[in-house]
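I opened the notebook today with a few things to look up: surface charge, cysteines and salt bridges. Here is the model I worked from.

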Amino acid sequence: MDTEVAPAVADIAAEIAAMDIRGAATIADAAAEALAIQAKESDAETAAAFRTEMHAAAGVLYDTRPTAVSLPNTLRFVFQSMDGTTVEGLRQSAVDAAERFQTQLDRAQDDLGEIGANRLRDGDTVMTHCHSTDVLACVEAALDQGKDLSAVVKETRPRNQGHITAEQLREWDVPVTLIVDSAARRYLDDVDHVLVGADSIAADGSVINKIGTSGLAVSARERGVPIMTAAQTIKLHPGTMTGHTVEIEMRDEAEVVDPGDRDEIGDITVENPAFDVTPPRHVDAIVTERGQFPPESIVTLMRELFGETSERPWEAPV
Ligand SMILES: O=P(O)(O)OC[C@H]1O[C@H](OP(=O)(O)O)[C@H](O)[C@@H]1O
């Protein structure tokens, strides 16, 4: 018999899969919210039945998108804190954990923003890729410090999430120049920093982020422009400490080629990887709420926060 997942949880999962809810931190927040909803709405009569429902909800959330580790890290946090022998005890601990997680998430982004802002100077121009709330937290904190910034914003095909970044920066009165992705190298001589977010960070310091990040990082290195990754510690991928690799999400070809044009082009293969891997040697600093790190040393922080194991407590025991 299939276990009931609250309709609101199924809705949140569908929104994550469709990218109506997107961005690693925003996905984490939504996943915590969904687990709290499942806990509150459960009418399970036994502690075992309650746990089964929570595992089912976590499974539906986990299956949405594979690359951003913030999602399983959220599930791990809530399940590690869920404790009790009664339905009420389990419910309360799950709801409390989800709320604590969301509060920490907000605080981490503010703290990270302050640290990232210290790298930016008055009058600097930054280049952005995709839309990252962690990156924008750094920009916002720098503006709050009274620094004037301008931005070159890459549109970030295929979904043009650079437009979201451009809109936010304009709201903050930051002058924005929007460019197509392939123009990035031409504009690198005019910028002081490249700022990117992360969906996952591997133990060797590799940054897994929106497709196009690695090419941008190589060009930035060649031009001598520092590249900073803004990533809260929920982006650290504990599984990579034990040899696992980060799965790169392949998305629908309709994001790349309009279905109406598909027949005209003929029999070709279209691939649409959503993310790529930037090796640590092409990244200057990973800025987290715990300070900034050279990519090669991030494993120390990862070990401190996650220990040596990467348990998956959200999975139902077999
Ligand atoms: O957590 P924040 O910094 O907001 O976003 C982190 C990353 O999440 C996004 O992925 P997608 O748009 O969900 O595919 C982008 O790759 C972005 O850099």
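**Entry 1: a negative patch**

In which helix does Glu140 lie? I looked it up, and Glu140 sits in helix H6. A reminder to myself before going on: this is a predicted model.

Next I checked how open Glu140 is. Its relative accessibility is 36%, so Glu140 counts as partly exposed.

Then I looked at the charges around it. Glu140 belongs to a patch of negative charge on the surface, together with Asp106, Asp110, Asp111, Glu114 and Asp144. Two elements give two or more residues to this patch: helix H5, spanning 87–117, and helix H6, spanning 133–144. H5 gives the most, with 4 residues.

**Entry 2: the cysteines**

How many disulfides does the count come to? I got 0 disulfides. I wanted to know why, and went to the sulfur atoms.

For Cys130, the closest cysteine sulfur is the one in Cys138, and at 15 Å that is too far for a bond. A disulfide would need the two sulfur atoms within 2.5 Å. Looking from the other end, Cys138 has its closest cysteine sulfur in Cys130, again 15 Å away and too far for a bond.

Are these two cysteines buried or exposed? Cys130 has 7% relative accessibility, so I noted it as buried. Cys138 comes out at 0% and is buried as well.

While I was at Cys138, I also checked Ala151, which lies in strand S2. The two residues are 13 residues apart along the chain, and their C-alpha atoms are separated by 13 Å. Ala151 has a relative accessible area of 3%, so it too goes down as buried.

**Entry 3: salt bridges**

How many salt bridges does the structure hold? The total is 15. I picked out a few pairs to look at one by one.

The pair I spent most time on is Arg159 with Glu255, whose side chains meet in a salt bridge at 2.5 Å, N to O. This pair links distant parts of the chain, 96 residues apart. Arg159 is in the loop between strand S2 (150–154) and helix H7 (162–171). Glu255 is in the loop between strand S7 (227–230) and helix H10 (259–265).

I compared how covered the two partners are. Arg159 has a relative accessible area of 33%, so it is partly exposed. Glu255 has 16% and is therefore buried, the cut-off for that being under 20%.

Which residues are linked with Arg159 and Glu255 in a network of salt bridges? I found Arg65, Glu249 and Arg251 there alongside them.

My next pair was Asp124 with Arg121, which form a salt bridge with their closest N and O atoms 3.4 Å apart. Asp124 is buried, since its relative accessible area is 4%.

The last pair I looked up was Arg223 with Glu222, where the side chains meet in a salt bridge at 3.7 Å, N to O. That fits the rule, because a salt bridge needs the nitrogen within 4 Å of the carboxyl oxygen. Arg223 has a relative accessible area of 32% and is partly exposed. Glu222 is partly exposed too, with 47%.

Technical notes:
Residues are numbered from 1 along each chain as its sequence is written. This is a predicted model: local features need pLDDT of at least 70, side-chain atom pairs count only at pLDDT 80 or more; totals for chains, interfaces and linings use all residues. Side-chain values use heavy atoms; hydrogens and water are left out. Patches are made of residues with over 30% relative accessible area and no salt bridge: like charges are joined within 9 Å, nonpolar side chains (Val, Leu, Ile, Met, Phe, Trp, Tyr) within 5 Å. Accessible areas come from the Shrake-Rupley method with a 1.4 Å probe; for residues, only the protein chains shown count as cover. Lys and Arg count as positive and Asp and Glu as negative; His and the chain ends are not counted. The place of a charge is taken as NZ of Lys, CZ of Arg, CG of Asp or CD of Glu. Buried means under 20% relative accessible area, exposed over 50%, partly exposed in between (1.4 Å probe, protein chains only).
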